[in-house]
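Welcome! Here is a friendly first walk through a structure, a few residues and strands at a time.

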Amino acid sequence: MQPVILPTDFTITEPQVAVMDSVEGEIQPQEVSSAATESGSSSIEVKVLFFARARDITGVGHMPLQVSAGSTACDCLDKVVAKFPSLAEIRECMVLAVNEEYAPGSIIVEQGDELALIPPISGG
Amino acid sequence: MAEEKTLVEILDEHTKVDVVKYINYVTAPQCGAIATFSGTTRDTFEGKTVVELRYEAYVPMAIRCLKSICANARSTWNLDAIAVAHRLGPVPVQETSVFVAISSVHRADALDACKFIIDELKAFVPIWKKEVYSNGEVWKENSEFVERRSALGKHDQATNGVAKSKSHDRKSCCGTKVKVVEGAHEVRNPEN
(Lines give C-alpha, C1' and ligand atoms only; values in the text may rest on other atoms or scores of the structure.)
Protein backbone atom coordinates (compact mmCIF):
# COMPACT_ATOMS: atom_id res chain seq x y z
CA MET A 1 0.00 0.00 0.00
CA GLN A 2 1.28 3.36 -0.91
CA PRO A 3 1.71 6.03 1.66
CA VAL A 4 -1.05 8.52 1.50
CA ILE A 5 -0.14 11.94 2.75
CA LEU A 6 -3.17 14.10 2.87
CA PRO A 7 -2.98 15.90 6.12
CA THR A 8 -5.46 18.66 6.45
CA ASP A 9 -7.32 19.12 3.25
CA PHE A 10 -9.50 16.12 3.57
CA THR A 11 -12.91 16.51 5.06
CA ILE A 12 -16.10 14.60 5.48
CA THR A 13 -19.18 16.69 5.70
CA GLU A 14 -20.82 14.08 7.82
CA PRO A 15 -19.80 10.56 8.50
CA GLN A 16 -22.15 7.71 7.84
CA VAL A 17 -24.79 9.80 6.16
CA ALA A 18 -27.53 7.93 4.43
CA VAL A 19 -25.94 4.66 5.24
CA MET A 20 -28.23 3.49 7.91
CA ASP A 21 -31.13 5.70 7.22
CA SER A 22 -33.92 3.30 7.87
CA VAL A 23 -32.64 1.85 11.05
CA GLU A 24 -33.57 -0.65 12.74
CA GLY A 25 -33.08 -2.10 16.10
CA GLU A 26 -29.90 -3.96 16.58
CA ILE A 27 -30.10 -7.64 16.22
CA GLN A 28 -28.84 -9.64 19.09
CA PRO A 29 -25.81 -11.76 18.51
CA GLN A 30 -27.15 -14.73 16.71
CA GLU A 31 -25.34 -17.25 18.74
CA VAL A 32 -24.18 -17.24 22.29
CA SER A 33 -21.64 -19.87 22.93
CA SER A 34 -21.68 -21.06 26.48
CA ALA A 35 -18.19 -22.35 26.07
CA ALA A 36 -17.06 -18.92 25.03
CA THR A 37 -18.37 -17.28 28.13
CA GLU A 38 -16.47 -19.79 30.19
CA SER A 39 -13.10 -19.48 28.59
CA GLY A 40 -13.55 -15.99 27.21
CA SER A 41 -11.25 -16.71 24.31
CA SER A 42 -12.87 -19.22 21.98
CA SER A 43 -15.52 -16.83 20.70
CA ILE A 44 -15.16 -13.41 19.17
CA GLU A 45 -17.61 -10.81 17.99
CA VAL A 46 -17.43 -8.92 14.73
CA LYS A 47 -19.66 -6.18 13.40
CA VAL A 48 -21.27 -6.99 10.07
CA LEU A 49 -22.36 -4.13 7.80
CA PHE A 50 -24.96 -4.34 5.04
CA PHE A 51 -25.34 -1.93 2.15
CA ALA A 52 -27.62 -1.41 -0.82
CA ARG A 53 -29.29 -4.67 -1.90
CA ALA A 54 -27.81 -6.53 1.03
CA ARG A 55 -29.40 -4.07 3.44
CA ASP A 56 -32.71 -4.20 1.59
CA ILE A 57 -32.67 -7.98 1.98
CA THR A 58 -31.73 -8.10 5.64
CA GLY A 59 -33.65 -5.04 6.69
CA VAL A 60 -30.78 -3.93 8.91
CA GLY A 61 -27.69 -1.82 8.38
CA HIS A 62 -25.50 -3.76 10.76
CA MET A 63 -25.48 -6.55 13.28
CA PRO A 64 -23.11 -8.11 15.76
CA LEU A 65 -22.03 -11.63 14.92
CA GLN A 66 -20.36 -14.11 17.23
CA VAL A 67 -18.05 -16.63 15.66
CA SER A 68 -15.39 -18.90 16.99
CA ALA A 69 -11.85 -17.60 17.12
CA GLY A 70 -9.95 -18.38 13.95
CA SER A 71 -12.99 -17.98 11.72
CA THR A 72 -12.53 -16.55 8.26
CA ALA A 73 -14.54 -13.79 6.67
CA CYS A 74 -16.12 -16.50 4.57
CA ASP A 75 -17.17 -18.39 7.68
CA CYS A 76 -18.84 -15.22 8.92
CA LEU A 77 -20.63 -14.82 5.62
CA ASP A 78 -21.89 -18.41 5.89
CA LYS A 79 -23.46 -17.63 9.24
CA VAL A 80 -24.98 -14.41 7.99
CA VAL A 81 -26.47 -16.15 4.98
CA ALA A 82 -27.83 -18.85 7.29
CA LYS A 83 -29.58 -16.14 9.22
CA PHE A 84 -30.79 -14.31 6.12
CA PRO A 85 -31.25 -17.03 3.47
CA SER A 86 -32.31 -14.51 0.83
CA LEU A 87 -28.76 -13.19 0.80
CA ALA A 88 -27.78 -16.35 -1.05
CA GLU A 89 -29.11 -14.88 -4.28
CA ILE A 90 -26.49 -12.13 -4.28
CA ARG A 91 -23.76 -13.95 -2.43
CA GLU A 92 -21.68 -14.65 -5.51
CA CYS A 93 -21.90 -11.02 -6.55
CA MET A 94 -20.59 -9.60 -3.33
CA VAL A 95 -17.09 -8.87 -2.20
CA LEU A 96 -15.99 -8.43 1.38
CA ALA A 97 -14.19 -5.69 3.22
CA VAL A 98 -12.60 -6.01 6.64
CA ASN A 99 -11.91 -2.81 8.54
CA GLU A 100 -12.56 -0.68 5.45
CA GLU A 101 -10.31 -2.58 3.08
CA TYR A 102 -11.24 -5.16 0.49
CA ALA A 103 -10.28 -8.58 1.75
CA PRO A 104 -10.35 -12.16 0.51
CA GLY A 105 -12.82 -14.55 2.11
CA SER A 106 -9.91 -16.49 3.55
CA ILE A 107 -8.83 -13.68 5.86
CA ILE A 108 -9.06 -14.49 9.57
CA VAL A 109 -11.29 -12.08 11.43
CA GLU A 110 -10.49 -10.83 14.87
CA GLN A 111 -12.40 -9.52 17.83
CA GLY A 112 -13.97 -6.16 17.03
CA ASP A 113 -13.38 -6.35 13.29
CA GLU A 114 -15.82 -4.64 10.98
CA LEU A 115 -16.90 -6.94 8.16
CA ALA A 116 -18.76 -5.25 5.31
CA LEU A 117 -20.74 -7.06 2.66
CA ILE A 118 -20.19 -5.12 -0.54
CA PRO A 119 -22.79 -5.76 -3.24
CA PRO A 120 -21.86 -4.64 -6.77
CA ILE A 121 -21.00 -0.99 -6.49
CA SER A 122 -22.52 1.71 -8.66
CA GLY A 123 -21.00 5.03 -7.73
CA GLY A 124 -20.44 7.84 -10.18
CA MET B 1 7.85 18.35 -4.56
CA ALA B 2 5.54 20.77 -2.87
CA GLU B 3 2.94 19.60 -0.43
CA GLU B 4 0.28 17.54 -2.09
CA LYS B 5 -3.04 19.24 -2.31
CA THR B 6 -5.92 16.81 -2.34
CA LEU B 7 -9.54 17.29 -1.34
CA VAL B 8 -11.91 14.34 -1.01
CA GLU B 9 -15.49 14.94 0.05
CA ILE B 10 -18.54 12.74 0.44
CA LEU B 11 -21.44 15.14 0.55
CA ASP B 12 -24.41 14.87 2.79
CA GLU B 13 -27.86 14.28 1.46
CA HIS B 14 -29.35 17.35 -0.23
CA THR B 15 -25.97 19.07 -0.41
CA LYS B 16 -25.38 20.01 -4.02
CA VAL B 17 -21.96 19.60 -5.58
CA ASP B 18 -20.44 23.06 -5.72
CA VAL B 19 -18.33 22.68 -8.83
CA VAL B 20 -16.96 26.21 -8.62
CA LYS B 21 -15.60 25.50 -5.15
CA TYR B 22 -13.63 22.49 -6.42
CA ILE B 23 -12.35 24.28 -9.49
CA ASN B 24 -11.19 27.13 -7.27
CA TYR B 25 -9.52 24.61 -4.99
CA VAL B 26 -7.34 23.23 -7.76
CA THR B 27 -6.61 26.56 -9.42
CA ALA B 28 -2.97 27.56 -9.06
CA PRO B 29 -0.67 30.06 -10.75
CA GLN B 30 1.83 27.42 -11.82
CA CYS B 31 -0.80 25.34 -13.59
CA GLY B 32 -1.69 25.71 -17.23
CA ALA B 33 -4.53 23.21 -17.18
CA ILE B 34 -7.55 22.20 -15.15
CA ALA B 35 -9.43 19.08 -16.22
CA THR B 36 -12.83 18.31 -14.76
CA PHE B 37 -15.39 15.56 -14.98
CA SER B 38 -18.97 15.95 -13.88
CA GLY B 39 -21.30 12.97 -13.64
CA THR B 40 -24.95 13.97 -13.85
CA THR B 41 -28.29 12.22 -13.57
CA ARG B 42 -29.83 11.63 -16.97
CA ASP B 43 -33.53 11.35 -17.58
CA THR B 44 -33.83 7.95 -19.26
CA PHE B 45 -32.35 4.47 -19.05
CA GLU B 46 -33.22 1.99 -21.78
CA GLY B 47 -36.40 3.84 -22.56
CA LYS B 48 -37.52 4.12 -18.95
CA THR B 49 -38.11 7.51 -17.45
CA VAL B 50 -35.69 8.14 -14.60
CA VAL B 51 -37.03 10.27 -11.79
CA GLU B 52 -33.88 10.42 -9.69
CA LEU B 53 -30.87 8.46 -8.51
CA ARG B 54 -30.41 7.68 -4.83
CA TYR B 55 -26.87 7.23 -3.57
CA GLU B 56 -25.49 5.70 -0.43
CA ALA B 57 -21.93 4.96 0.62
CA TYR B 58 -19.77 3.13 3.07
CA VAL B 59 -18.40 6.55 3.88
CA PRO B 60 -15.13 5.93 5.72
CA MET B 61 -14.08 3.22 3.28
CA ALA B 62 -15.11 5.37 0.31
CA ILE B 63 -12.88 8.14 1.63
CA ARG B 64 -9.97 5.75 2.05
CA CYS B 65 -10.42 4.35 -1.43
CA LEU B 66 -10.60 7.79 -3.00
CA LYS B 67 -7.46 8.92 -1.19
CA SER B 68 -5.67 5.82 -2.41
CA ILE B 69 -6.82 6.41 -5.98
CA CYS B 70 -5.61 10.01 -5.82
CA ALA B 71 -2.23 8.84 -4.52
CA ASN B 72 -1.97 6.34 -7.35
CA ALA B 73 -2.80 9.06 -9.87
CA ARG B 74 -0.02 11.22 -8.44
CA SER B 75 2.43 8.38 -8.82
CA THR B 76 1.61 8.13 -12.52
CA TRP B 77 1.11 11.73 -13.62
CA ASN B 78 2.56 15.08 -12.71
CA LEU B 79 -0.37 16.68 -10.93
CA ASP B 80 -0.77 19.75 -8.83
CA ALA B 81 -4.10 19.64 -7.00
CA ILE B 82 -6.92 17.08 -6.99
CA ALA B 83 -10.49 17.49 -5.80
CA VAL B 84 -13.05 14.66 -5.81
CA ALA B 85 -16.59 14.98 -4.50
CA HIS B 86 -19.50 12.56 -4.46
CA ARG B 87 -22.99 13.43 -3.36
CA LEU B 88 -25.26 11.07 -1.41
CA GLY B 89 -29.01 10.77 -1.16
CA PRO B 90 -31.39 11.62 -3.98
CA VAL B 91 -29.87 13.37 -6.99
CA PRO B 92 -32.53 14.68 -9.39
CA VAL B 93 -32.21 14.67 -13.15
CA GLN B 94 -29.58 17.09 -14.48
CA GLU B 95 -27.84 17.53 -11.15
CA THR B 96 -24.25 16.48 -10.46
CA SER B 97 -23.57 13.36 -8.41
CA VAL B 98 -19.81 13.17 -8.83
CA PHE B 99 -17.18 15.75 -9.68
CA VAL B 100 -13.45 15.49 -10.31
CA ALA B 101 -11.14 18.47 -10.80
CA ILE B 102 -7.41 18.21 -11.40
CA SER B 103 -4.79 20.79 -12.16
CA SER B 104 -1.41 20.31 -13.76
CA VAL B 105 1.28 22.29 -15.51
CA HIS B 106 0.40 20.78 -18.89
CA ARG B 107 -2.99 19.50 -19.96
CA ALA B 108 -2.14 15.89 -20.80
CA ASP B 109 -1.47 14.98 -17.17
CA ALA B 110 -4.70 16.47 -15.88
CA LEU B 111 -6.83 15.02 -18.67
CA ASP B 112 -5.46 11.49 -18.35
CA ALA B 113 -5.56 11.50 -14.56
CA CYS B 114 -9.13 12.78 -14.60
CA LYS B 115 -10.27 9.80 -16.65
CA PHE B 116 -8.26 7.45 -14.46
CA ILE B 117 -9.85 8.73 -11.28
CA ILE B 118 -13.45 8.49 -12.43
CA ASP B 119 -12.82 5.02 -13.90
CA GLU B 120 -11.24 3.81 -10.66
CA LEU B 121 -14.02 5.36 -8.62
CA LYS B 122 -16.60 3.44 -10.58
CA ALA B 123 -14.70 0.19 -10.16
CA PHE B 124 -13.66 0.27 -6.51
CA VAL B 125 -15.20 2.96 -4.32
CA PRO B 126 -18.05 1.56 -2.19
CA ILE B 127 -20.86 3.81 -3.29
CA TRP B 128 -24.21 2.56 -4.56
CA LYS B 129 -27.04 4.07 -6.52
CA LYS B 130 -30.61 3.04 -6.90
CA GLU B 131 -32.22 4.17 -10.11
CA VAL B 132 -35.76 5.31 -9.44
CA TYR B 133 -38.19 5.16 -12.36
CA SER B 134 -41.75 6.38 -12.54
CA ASN B 135 -42.82 2.76 -12.14
CA GLY B 136 -40.09 1.01 -10.18
CA GLU B 137 -36.51 1.07 -9.02
CA VAL B 138 -33.32 -0.97 -9.31
CA TRP B 139 -29.88 -1.10 -7.70
CA LYS B 140 -27.36 -0.41 -10.43
CA GLU B 141 -24.09 -2.23 -11.02
CA ASN B 142 -21.08 -0.60 -12.62
CA SER B 143 -19.60 -2.63 -15.45
CA GLU B 144 -16.18 -1.50 -14.16
CA PHE B 145 -16.84 -3.31 -10.91
CA VAL B 146 -18.13 -6.45 -12.57
CA GLU B 147 -15.09 -6.61 -14.83
CA ARG B 148 -12.52 -6.07 -12.12
CA ARG B 149 -14.07 -7.47 -8.98
CA SER B 150 -11.88 -10.56 -9.20
CA ALA B 151 -8.98 -8.29 -8.34
CA LEU B 152 -10.56 -7.17 -5.11
CA GLY B 153 -9.35 -8.76 -1.94
CA LYS B 154 -6.27 -10.10 -3.65
CA HIS B 155 -4.27 -6.99 -2.95
CA ASP B 156 -3.55 -5.08 0.16
CA GLN B 157 -5.21 -2.09 -1.33
CA ALA B 158 -8.09 -1.94 -3.68
CA THR B 159 -6.36 -0.02 -6.37
CA ASN B 160 -2.91 -1.49 -6.16
CA GLY B 161 -1.97 -3.19 -9.34
CA VAL B 162 -5.46 -3.98 -10.40
CA ALA B 163 -5.46 -1.39 -13.13
CA LYS B 164 -3.89 -3.88 -15.45
CA SER B 165 -6.30 -6.68 -14.77
CA LYS B 166 -8.57 -7.33 -17.65
CA SER B 167 -11.68 -9.27 -18.11
CA HIS B 168 -13.99 -9.16 -21.03
CA ASP B 169 -16.78 -10.79 -19.16
CA ARG B 170 -19.24 -7.99 -19.05
CA LYS B 171 -22.14 -9.93 -17.76
CA SER B 172 -23.86 -8.56 -14.76
CA CYS B 173 -22.98 -10.71 -11.82
CA CYS B 174 -26.43 -10.41 -10.37
CA GLY B 175 -28.43 -11.72 -13.25
CA THR B 176 -29.91 -9.53 -15.88
CA LYS B 177 -30.94 -6.56 -13.85
CA VAL B 178 -28.57 -4.26 -15.62
CA LYS B 179 -27.67 -4.60 -19.22
CA VAL B 180 -24.33 -3.43 -20.41
CA VAL B 181 -24.25 -2.39 -24.00
CA GLU B 182 -21.07 -3.45 -25.64
CA GLY B 183 -20.26 -2.10 -29.05
CA ALA B 184 -17.15 -4.12 -29.63
CA HIS B 185 -18.75 -7.14 -31.17
CA GLU B 186 -20.35 -6.36 -34.43
CA VAL B 187 -21.76 -9.28 -36.29
CA ARG B 188 -20.77 -9.15 -39.86
CA ASN B 189 -22.89 -10.98 -42.32
CA PRO B 190 -20.80 -13.22 -44.52
CA GLU B 191 -20.97 -12.12 -48.10
CA ASN B 192 -20.13 -14.55 -50.83
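## A strand with two partners

In chain A, β3(A) and β4(A) run antiparallel and are joined by three bridges. Strands here are DSSP runs (E) of at least two residues, numbered from the N terminus, and two strands pair if DSSP finds at least two bridges between them. This is a predicted model, in which local features need pLDDT of at least 70, side-chain atom pairs count only at pLDDT 80 or more, and totals for chains, interfaces and linings use all residues. Residues are numbered from 1 along each chain as its sequence is written, chains are lettered from A and ligands numbered from 1 in the order in which they are written, and side-chain values use heavy atoms, leaving out hydrogens and water.

Within the β3(A) and β4(A) pair, A:Leu96 stands opposite A:Ala103 of β4(A). β3(A) is also joined by four bridges to strand β5 (residues 114-118) of chain A, and these two run antiparallel. There, A:Val95 stands opposite A:Ile118 in β5(A).

What covers the faces of β3(A)? A:Val95 and A:Ala97 lie on one side, A:Leu96 and A:Val98 lie on the other, and all of them are buried. Buried means under 20% relative accessible area, exposed means over 50%, and partly exposed is in between (1.4 Å probe, protein chains only). In a regular strand, side chains alternate between the two faces of the sheet.

## Two loop residues with positive phi

β3(A) and β4(A) form a hairpin with two residues between them, and A:Asn99 sits in that turn. Chain B has a loop residue to set beside it: B:Glu46, in the loop between β3 (44-45) and β4 (48-57) of chain B. Neither A:Asn99 nor B:Glu46 is a glycine.

| Residue | Loop | Phi | Relative accessible area |
|---|---|---|---|
| A:Asn99 | between β3 (95-98) and β4 (101-103) of chain A | positive, about 50° | 36%, partly exposed |
| B:Glu46 | between β3 (44-45) and β4 (48-57) of chain B | positive, about 50° | 46%, partly exposed |

## A buried tyrosine in chain B

Is B:Tyr133 buried or exposed? With a relative accessible area of 8%, B:Tyr133 is buried. B:Tyr133 belongs to strand β8 (residues 127-133) of chain B. Leaving aside neighbours within four places in sequence, B:Tyr133 is in contact with B:Phe45, B:Lys48, B:Thr49, B:Val50, B:Val51 and B:Val138, where contact means heavy atoms within 4.5 Å. B:Phe37 is 96 residues from B:Tyr133 along the chain, and their C-alpha atoms are separated by 25 Å.
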